[in-house]
Amino acid sequence: VVAVEYRGFDAVPEAHMTDVRNRSPLTVNEPRDRQEVIAAHEVAVNELRDHGHPYARVATDENDGPNGREATIVFTAEPGPRAYFGDTQIAGNSSVGDRVIERQLSFKPGDLYRRSLVQESQRRLYAMELFQFVNVESLNPERQQERLDTRVTVAEGKHQRVNVGVGYGTEEK
C-alpha cells in the first residue's frame with residue numbers, strides 16, 4: 001500500500017477523519033490485506049452513519065499502480081441525506097411496559113441520527129437483564145426519509161433471578 005485516500009467525507013469533522021485514519025487497519029508501506037481493506041471500509045461507513053447519514057455508502061477503489069505492486073486505495077463517500085430520529089415502535093414486550101423500554105433509549109424523536117446511539121440503546125436494554133433478545137432497527141431505510149422511524153423488538157426472558165454467594169475467611173475463623 002503506497003497511499004490511502006478518503007474523498008467526499010466533508011460531512012465528517014476533520015478531527016473525526018483524523019481518528020478514522022488512525023483507526024484504519026491499512027498501513028502505508030505494508031502489504032495489502034483484503035480483510036484490512038474491508039475493515040477500513042466499514043470504519044469509514046460507520047463514521048458517516050454516526051454523523052447523521054444513515055443511508056451513507058462508500059465505494060472502494062484499489063489501483064495497483066503501473067507495476068502492479070504499488071496499491072493506492074481510495075474510499076469515496078456518498079453520504080446521502082441527513083436524517084433525524086422519528087417515531088419509535090416497540091414490539092415483543094408483554095410484561096415490561098413500553099415506557100420502561102423508552103427510558104432506556106439513548107435517543108428521542110428529533111435527535112440527529114447517530115448509529116452509536118442505536119448501539120448504546122441496545123446495550124442499555126440488554127443490561128436490564130429482562131430480555132433474551134433486543135434489536136433496534138430503522139424502518140423503511142430504502143425510502144431515505146429525513147425522519148427515520150425505528151422499531152425496538154424485544155424477547156422477554158425470565159424476570160426472577162437469584163444470585164447466591166458463599167465465602168469463608170480463615171483469619172476470623
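This briefing covers a three-stranded sheet, the helix that lies across it, and the largest pocket. The model is predicted, so to speak with care: local features need pLDDT of at least 70, side-chain atom pairs count only at pLDDT 80 or more, and totals for chains, interfaces and linings use all residues. Residues are numbered from 1 along each chain as its sequence is written, and side-chain values use heavy atoms, with hydrogens and water left out.

**The sheet**
- Three strands form an open sheet in the order S4-S6-S5, with mixed pairing (strands are DSSP E runs of at least two residues, numbered from the N terminus; two strands pair if DSSP finds at least two bridges between them).
- Strands S4 (84-91) and S5 (131-138) are the edges, each pairing on one side only.
- From one strand to the next, the twist averages 20° (axes are lines fitted to C-alpha atoms, for helices over the stretch in contact, with angles from 0 to 180 degrees between N-to-C directions).
- S5 pairs with S6 (residues 147-156) in the antiparallel sense over seven bridges; Phe131 has Glu156 in S6 as its bridge partner.

**The helix**
- Helix H4 (residues 115-127) lies across S4, S5 and S6 and runs at about 165° to S5 (helices are DSSP H or I runs of at least four residues; contact means heavy atoms within 4.5 Å).

**The largest pocket**
- Its lining includes Arg49, Tyr55, Tyr113 and Leu148.
- H4 gives the most to this lining, with three residues.

Conventions:
1 Å grid on protein atoms, 1.4 Å probe; cavity = no way out; pocket = protein on both sides within 12 Å on 5 of 7 lines; lining within 4 Å. Points joined across faces, edges and corners; volume = space filled by probe spheres on them.
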